[in-house]
Amino acid sequence: MAERELQEIIRKLKSTQSYPDSSSLLSKAKITLLKLHALTPLPTTPPNILLSAREVFEAGALHSIRAKDPAAFTRYVHQLTPFYELPADKLPATKSERNKITGLYLLLLLTQGDYAGFHTELEGLELREGEGKRVEDDRYLGYPIKLERWLMEGSYDLVWKAMASREVPSEEYGVFSEILTSQIRNEIASCSETAYPSLPISSTKNLLFLDSEGAVISFAQSRGWVIKDGRIYFPNQSLKAGTDQEGNQKELSQLAIENTLGYARELETIV
């Protein structure tokens, strides 16, 4: 009876796009799993029940992302971990959303600035895949790995291109675009302050991928920049660093800015 009820709940979960409905269904599914002693995998749990439990938690994880609830998503990831660690003869990987959810978790860690957690998770993936396989070749896992690398390099133009293209693996990954956009915009702003004494407002609009010069002015005011005669003047950063460190930082910052400006000009040409 409980098994049939669980299958019916899973069927409804797959067909609904409403987060309140899915939340109610997920609660019912967890209660049913509790009755079946399957909230966590046990040696005595039948494979078909293990499969259903994994489906429930995967559905919960994806619904949480669509609802922009990272705390709930993280809980589901942790609940899924013991199921993903089961051997294939106990729970086959077929029809699993493991790579999709793991990729989303990597992206979440990236948006939270948890680079230590990101690399810990990545190391675990590399050990799981073993020699001869590149984690980055997977569509879902490769996307956050590439973004992280480009962010570390200051190649913000490549990040912009990836987020604005068909490289985004699924709609759930797009949820993080707004968060990453804000982070990158602030990072570019910090680089601009270091690399240049001032920039024209028009260039800054392209550089920060803002929609209008009014948006640029609002952003500039929020960072304490000075606006005068169509230009934005940045605070003097040279007082905050030593000469050698400042010089290296300026060179890297200018490279990041020039790459991003180049991409912005390409977009304007296309439009």
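Let's start with Leu147. Leaving aside residues up to four places away in sequence, Leu147 touches Leu107, Leu110, Val159, Ala162 and Leu180. Please keep in mind that this is a predicted model. The largest nonpolar core has 70 residues, and of these, Phe73 and Leu147 touch the most other members. Which helix gives the most to this core? That is α3, with nine residues.

Two of the partners of Leu147, namely Leu107 and Leu110, take us to helix α5, where both are listed among the buried residues. Helix α5 covers residues 98-111, and its end C-alpha atoms lie 20 Å apart, which agrees with the 20 Å that 14 residues should span at 1.5 Å a residue. Twelve of those 14 residues are buried, so α5 is largely enclosed by the rest of the structure. If you'd like to follow along on the screen, the buried stretch includes Lys100, Thr102, Gly103 and Tyr105 as well as a series of leucines from Leu106 to Leu110. What covers these buried residues? The cover includes α3, α4 (70-84), α6 (115-129), α7 (139-153), α9 (171-174) and α10. Just after α5, have a look at Gly113, which takes a positive phi of about 75 degrees.

Now for a helix with another pattern of burial. Helix α1, residues 2-15, has 14 residues and reaches 20 Å from its first C-alpha to its last, close to the 20 Å expected at 1.5 Å a residue. The buried residues in α1 are Leu6, Ile9, Ile10 and Leu13. Looking down the axis of α1, you'll find its buried residues within an arc of 100 degrees, so they line one face of the helix. As a reminder, an α-helix has 3.6 residues a turn, so residues three or four places apart point the same way. On the face of α1 turned away from the buried side we have the exposed residues Arg4 and Ser15. Over the buried residues of α1, the cover includes α2 (19-35) and α3 (47-66).

Between α2 and α3 there is a loop, and Leu42 sits in it. Is Leu42 buried, partly exposed or exposed? With a relative accessibility of 36%, Leu42 counts as partly exposed. Apart from residues up to four places away in sequence, Leu42 touches His37 and Lys90. Leu42 and Phe83 are 41 residues apart along the chain, and their C-alpha atoms are separated by 9.8 Å.

Let me come back to α10, one of the helices that cover α5. Glu193 is in this helix, which runs over residues 177-195. Despite its acidic side chain, Glu193 is buried, at 11% relative accessible area. Which side chain does that of Glu193 contact? Its polar contact is with the side chain of Trp225, at 2.5 Å.

Finally, the chain as a whole. We have 13 helices and three strands. Of the 271 residues in the chain, 42% are buried. Among contacts with a separation of 6 or more, residues 24 or more positions apart account for 66%. The accessible surface of the chain comes to about 14800 Å², and 52% of that belongs to carbon and sulfur atoms.

So, to recap the two helices: α5 is largely enclosed, with twelve of its 14 residues buried, whereas the buried residues of α1 line one face. Thanks, everyone!

Key
Residues are numbered from 1 along each chain as its sequence is written. This is a predicted model: local features need pLDDT of at least 70, side-chain atom pairs count only at pLDDT 80 or more; totals for chains, interfaces and linings use all residues. Side-chain values use heavy atoms; hydrogens and water are left out. Helices (H or I, at least four residues) and strands (E, at least two) are DSSP runs, numbered from the N terminus. Buried means under 20% relative accessible area, exposed over 50%, partly exposed in between (1.4 Å probe, protein chains only). A polar contact is a pair of N or O atoms within 3.5 Å; within protein, one must be able to donate a hydrogen and the other to accept it, and residues adjacent in sequence count only if both atoms are side-chain atoms. The expected span of a helix is 1.5 Å times one less than its number of residues. The arc is that of the directions from the helix axis to the C-beta atoms. Contact means heavy atoms within 4.5 Å. A nonpolar core is a set of buried Ala, Val, Leu, Ile, Met, Phe, Trp, Tyr and Cys residues joined through side-chain atoms within 4.5 Å. Accessible areas come from the Shrake-Rupley method with a 1.4 Å probe; for residues, only the protein chains shown count as cover.
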